[in-house]
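Let's walk through this structure together, one region at a time. Keep the model open beside you and turn it as you read.

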Amino acid sequence: MAPSLAAVALVLFLFSGAPPMAVVRAADGGAGGTTHLHFFMHDILTGSSATAVQVTKGPVASAVIPGVAFGDTFVIDDTLTETSSPSSAAVGRAQGFYMMTSQASGATLTVCANFLLTSGDYNGSTIAVMGPDDIAKDVRELAVVGGTGRFRMASGYVLWKTAILKGLDATIELDVYVTTGGGSGGAATIDSSTPVSPIGGGSSAAVRPPVGGWVNSCIAALVVAVVVGSYV
């Protein structure tokens with residue numbers, strides 16, 4: 001007696017490489033979650049407590065902003081606080097640099113910075129941000145390109161708004177929307193303690209490839225062959 005199609009289908013389902021239903025639902029529902037963070041960055045270029053220092057002076061003066069030149073580069077270690085007041089509770093630091101990258105028109109800075117968070121559930125985690133800051137716009141959008149700690153494998157965006165401008169000193173309001181690669185709205189799925197597989201080949205006893213995909217397909221094919229053969 002030939003096996004029924006239902007029996008063969010059941011065997012293929014049990015041994016296929018398809019993800020569990022929970023994983024499918026997680027992917028459809030965005031189980032990684034999006035975290036919204038809101039704080040203010042204080043970029044101070046003047047006075048004895050400056051947090052932004054110019055390290056490069058460009059050779060060509062800007063036609064838009066007096067005293068600013070294409071190529072001007074500033075290194076920052078700006079305070080992040082809960083409100084626009086610099087005396088409000090500190091939540092972290094913005095460390096990195098920005099530079100004037102527009103020549104002929106406009107006034108666009110390219111920003112590359114890490115938000116090092118120092119309070120609450122995200123203490124010790126970082127968010128890496130990069131993108132254009134067109135200072136003529138009310139709201140600018142920068143990209144979240146990575147992170148560490150609770151924000152490993154992060155992606156997302158930052159809405160960047162100038163809240164206060166006093167001469168060269170600025171207070172920037174930041175709305176950060178971060179999506180991580182893991183579930184439960186937080187930790188990503190990479191275990192940093194896992195040994196790295198050798199680049200040049202070889203083997204590592206602690207590193208084992210996942211059993212699935214073509215391996216499961218081979219097992220399914222073998223089981224089907226045995227089942228079919230038993231009825232021939």
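Strands S10 and S11 each give at least two residues to the lining of the second largest pocket. This is a predicted model, so treat the walk as a tour of computed features. S11 makes the largest share of that lining, with three residues. To find the pocket on your screen, select His42, Ile44, Ser84, Pro86, Ile164, Lys166, Asp169, Ala170 and Thr171, which line it. In character, this lining splits into four nonpolar, three polar and two charged residues. The space inside comes to about 150 Å³.

Now move on to the largest pocket, where about 590 Å³ of space is found. Its lining has 25 residues, and those closest to the centre are Tyr98, Leu109, Ile135, Leu165 and Leu168. Which strands each supply at least two residues of this lining? They are S1, S6, S7 (108-117), S10 (155-166) and S11 (169-179). S10 and S11 are thus names you have met already, as each also supplies at least two residues to the second largest pocket. By residue type, the lining of the largest pocket holds 16 nonpolar, four polar and five charged residues.

Strand S1, one of the contributors to the largest pocket, spans residues 34-43 and includes Thr35. Is Thr35 buried or exposed? Thr35 counts as buried because its relative accessibility is 11%, and the cut-off for buried is under 20%. Thr35 also shows how the chain brings distant stretches of sequence together: Val178 lies 143 residues away in sequence, yet the two C-alpha atoms are 5.1 Å apart.

Strand S6, another contributor to the largest pocket, covers residues 90-100 and contains Phe97. With a relative accessible area of 32%, Phe97 is partly exposed. On the surface, Phe97 joins Val53, Val55 and Val75 in a nonpolar patch, and together these residues have about 320 Å² of accessible area.

One last stop is the loop between S9 (139-148) and S10, where Met153 sits. What is the phi of Met153? The angle is positive, about 60°, although Met153 is not a glycine. For context, most residues other than glycine have a negative phi. Met153 is also partly exposed, at 47% relative accessible area.

How values were computed. Residues are numbered from 1 along each chain as its sequence is written. This is a predicted model: local features need pLDDT of at least 70, side-chain atom pairs count only at pLDDT 80 or more; totals for chains, interfaces and linings use all residues. Side-chain values use heavy atoms; hydrogens and water are left out. Helices (H or I, at least four residues) and strands (E, at least two) are DSSP runs, numbered from the N terminus. Buried means under 20% relative accessible area, exposed over 50%, partly exposed in between (1.4 Å probe, protein chains only). Patches are made of residues with over 30% relative accessible area and no salt bridge: like charges are joined within 9 Å, nonpolar side chains (Val, Leu, Ile, Met, Phe, Trp, Tyr) within 5 Å. Accessible areas come from the Shrake-Rupley method with a 1.4 Å probe; for residues, only the protein chains shown count as cover. A salt bridge is a side-chain nitrogen of Lys or Arg within 4 Å of a carboxyl oxygen of Asp or Glu. On a 1 Å grid over the protein atoms alone, a cavity is a set of points where a 1.4 Å probe fits but cannot get out, and a pocket is an open set with protein on both sides within 12 Å along at least five of seven lines; lining residues have an atom within 4 Å of a point. Grid points are joined across faces, edges and corners, and a volume is the space filled by probe spheres set on the points. Ala, Val, Leu, Ile, Met, Phe, Trp, Tyr, Cys and Pro count as nonpolar, Asp, Glu, Lys and Arg as charged, and the others, Gly among them, as polar.
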